[in-house]
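Trainee: I have a structure open and I'm not sure how to read it. Could you walk me through it?

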Amino acid sequence: MSWGTELWDQFDNLEKHTQWGIDILEKYIKFVKERTEIEISYAKQLRNLSKKYQPKKNSKEEEEYKYTSCKAFISTLNEMNDYAGQHEVISENMTSQITVELTRYVQELKQERKSHFHDGRKAQQHIETCWKQLESSKRRFERDCKEADRAQQYFEKMDADINVTKADVEKARQQAQLRHQMAEDSKADYSSTLQKFNHEQHEHYYTHIPSIFQKIQEMEERRIVRIGESMKTYAEVDRQVIPIIGKCLDGIAKAAESIDQKNDSQLVIEAYKSGFEPPGDIEFEDYTQPMKRTISETSLSNSRGDSKTELKFASKSKGKLWPFIKKNKGAGPEDFSNLPPEQRRKKLQQKVDELNKEIQKEMDQRDAITKMKDVYIKNPQMGDPGSLDHKLTEVGQNIEKLRLEVQKFEAWLTEVEGRLPVRGEQARRQSGMYEAQNTPSVNNCAQDRESSPDGSYTEEQSQENELKMMATDFDDEFDDEEPLPTIGTCKALYTFEGQNEGTISISEGEILYVIEEDKGDGWTRIRRNEDEEGYVPTSYVEVYLDKNAKGAMTYI
């Protein structure tokens, strides 16, 4: 089976067929290229999807991912990221192993095809030239033969005419002989040209054309083999990533198996446990006895007016009952006193740990600066040791500030931990809004009522509504309080960034007005102007109270 023998006369069709083969190869290259673009786009979309649902750092959402189901979801997102990476590998391998290689091969194929068909056209032109020469020789021979016949006939006619002179007859005879000689020469030339053409034609159809067509056939078969190999590579590229994709899917399945519903339930308890005890039984109040009616420590059935009076009293005790009334006006107080005991303890412990880490970082920085200073002292050419003194002083001040913060939070933590053990039933039943008339611990008792778990109290709905109304009245009165008078001045020793509700930011060296002195909780209330006032740590300011102010004193 050879194109040279079977398709010797199909030069034009072979030219069209080989061009079609190149078009098919280019179409396959375009297909693979579009597939790689799809893989890249798919991988990008998978990565964006994984990134979209990743928890944001330092956010509340990140804290929620401590549950096993959420951890499994994070693992799924990470595995999907790796899964996307495998699709990028598919795209890269198909581009390098198929698209690039076939594109280069197509260029080579076009050059080779062009060369073969150029040789074929050259052979065609040669045989056509030989054919034209043969035709020319044939026509010349035919013409000379006709001329010789006419000359012979003319000579015979002259020779038969008695009226013609002998000289004319001789001339006609010589002309006839010349024409016969020219016909013989043309015959010899035609014969020679014919033999040459037959030889060239035989070489053309049995040697040159078969050789050229054979090369074209081999070229076409190589193209077919090459596209088959590329299709095999196309499948292999996909198959190579299947094990890794399988591992990604196994990782997702393993993450799903790691979900522990009991552990998540325990985490919910740890997250929301208040530390309170359920309320005890309500005592019977005997109204038949002729004694002054007493108010039950746990009763919420007091009239609205009495409750409002008690709330007012509680608010005047320190002016800081506001953390326990849910006003939704911003972040809670710095000591987390608006949280239940157990949650408050966790928050304080977390804050202490964070501050200790910051202290350790500052200490590491101080050690590094100290070592650098020692190096400068031993090698003055490397730097001036005195240039580091300012940094050492600054780091030392930062450490001292952080230690003061740690002491403050540890004091609050000790206070909370001291209250966590189980208390008596009467202590559990007391309500903060009514205990204000007997004990200064208004905040703790109000916290017991405000932060207790839902469903832990059995008062009627009307009583709960009445309590909400009383809290609303208290908010209004608190918001409408007259500005406190100035009782002294203070100077800021350090810069303080007031980020919590009720606090105010101050800068080192700033002079401000004192409107409420420290009540023992480590905070002093100051004012900058008519619109700016709030609390700052007492240790951050040097206070100078007016001598005429009640309980005036000077302290640092």
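What follows is a conversation about reading this model, from the whole chain down to single residues.

Mentor: Happy to. Keep in mind from the start that this is a predicted model.

Trainee: Okay, let's begin with the whole chain. How many helices and strands does the protein chain have?

Mentor: The chain has 13 helices and six strands.

Trainee: And what share of the 556 residues is buried?

Mentor: Buried residues account for 35% of the 556. As for the outside, the protein chain exposes about 35,100 Å², and carbon and sulfur atoms provide 51% of that area.

Trainee: What about contacts between residues that sit far along the chain from each other?

Mentor: Take the contacts with a separation of 6 or more: 73% of them come from residues 24 or more positions apart.

Trainee: Now the helices. At what angle do the axes of α4 and α5 cross?

Mentor: To read a helix pair, look at how close the axes come and at the angle between their N-to-C directions. Helix α4 covers residues 68-160 and helix α5 covers residues 166-257. Their axes come within 7 Å and cross at roughly 175 degrees. An angle over 145 counts as roughly antiparallel, so α4 is roughly antiparallel to α5.

Trainee: Which classes of residue make up the contact of α4 with α5?

Mentor: That contact has 44 nonpolar, 22 polar and 24 charged residues.

Trainee: Can we zoom in on a residue there? Is Phe197 buried or exposed?

Mentor: The thing to check is relative accessible area, where under 20% means buried. Phe197, found in helix α5, has a relative accessible area of 6%, so Phe197 is buried. Setting aside residues up to four places away in sequence, Phe197 touches Ile127, Cys130, Trp131 and Leu134. You can also compare sequence with space: Phe197 and Glu128 are 69 residues apart along the chain, and their C-alpha atoms are separated by 9.8 Å.

Trainee: And on the α4 side, which residues does Gln86 touch?

Mentor: Gln86 is in helix α4. Again leaving out residues up to four places away, Gln86 touches Val241, Ile244 and Ile245. With a relative accessible area of 12%, Gln86 is buried.

Trainee: Where is Cys70, and how accessible is Cys70?

Mentor: Cys70 also has its place in helix α4. At 22% relative accessibility, Cys70 counts as partly exposed. Beyond its neighbours within four places in sequence, Cys70 is in contact with Glu64 and Tyr65. Cys70 and Ala256 are 186 residues apart along the chain, with 10.0 Å between their C-alpha atoms.

Trainee: What does Leu267 touch?

Mentor: Leu267 is in helix α6, which runs over residues 261-272. Apart from residues up to four places away, Leu267 touches Lys66 and Tyr67. Its relative accessible area is 14%, so Leu267 is buried. From Leu267 to Thr68 you count 199 residues in sequence, yet 9.6 Å in space, C-alpha to C-alpha.

Trainee: Let's turn to charges. How many salt bridges are there?

Mentor: For a salt bridge, look for a side-chain nitrogen of Lys or Arg within 4 Å of a carboxyl oxygen of Asp or Glu. By this rule the count comes to 23.

Trainee: Where do Arg239 and Glu236 lie?

Mentor: Both lie in helix α5, three residues apart, about one turn of the helix. Their side chains meet in a salt bridge at 2.8 Å, N to O. Arg239 is partly exposed at 47% relative accessible area, and Glu236 is partly exposed at 32%.

Trainee: Which parts does the pair of Glu510 and Arg528 tie together?

Mentor: The side chains of Glu510 and Arg528 meet in a salt bridge at 2.7 Å, N to O. Glu510 lies in the loop between β1 (488-492) and β2 (511-516), and Arg528 in the loop between β3 (523-527) and β4 (533-537), so the pair ties together parts that are 18 residues apart in sequence. Arg528 is partly exposed, with a relative accessible area of 25%.

Trainee: Is Arg525 buried or exposed?

Mentor: Arg525 is buried, at 15% relative accessible area. Its side chain meets that of Glu533 in a salt bridge at 3.1 Å, N to O, and Glu533 is partly exposed at 31%. Salt bridges that share partners join Glu516, Arg525, Arg527 and Glu533 into one network.

Notes
Residues numbered from 1 in each chain as written. Predicted model: local features only at pLDDT ≥ 70, side-chain atom pairs only at ≥ 80, totals over all residues. Heavy atoms only, no water. Axes fitted to C-alpha atoms, helices over the stretch in contact; angles between N-to-C directions. Helix = DSSP H or I, 4+ residues; strand = E, 2+ residues; numbered from the N terminus. Parallel < 35°, antiparallel > 145°, perpendicular 65-115°, else oblique. Nonpolar A, V, L, I, M, F, W, Y, C, P; charged D, E, K, R; others polar. Buried < 20%, exposed > 50% of the residue type's maximum accessible area, 1.4 Å probe, protein only. Contact = heavy atoms within 4.5 Å. Areas by Shrake-Rupley, 256 points an atom, 1.4 Å probe, with all protein chains shown as cover.
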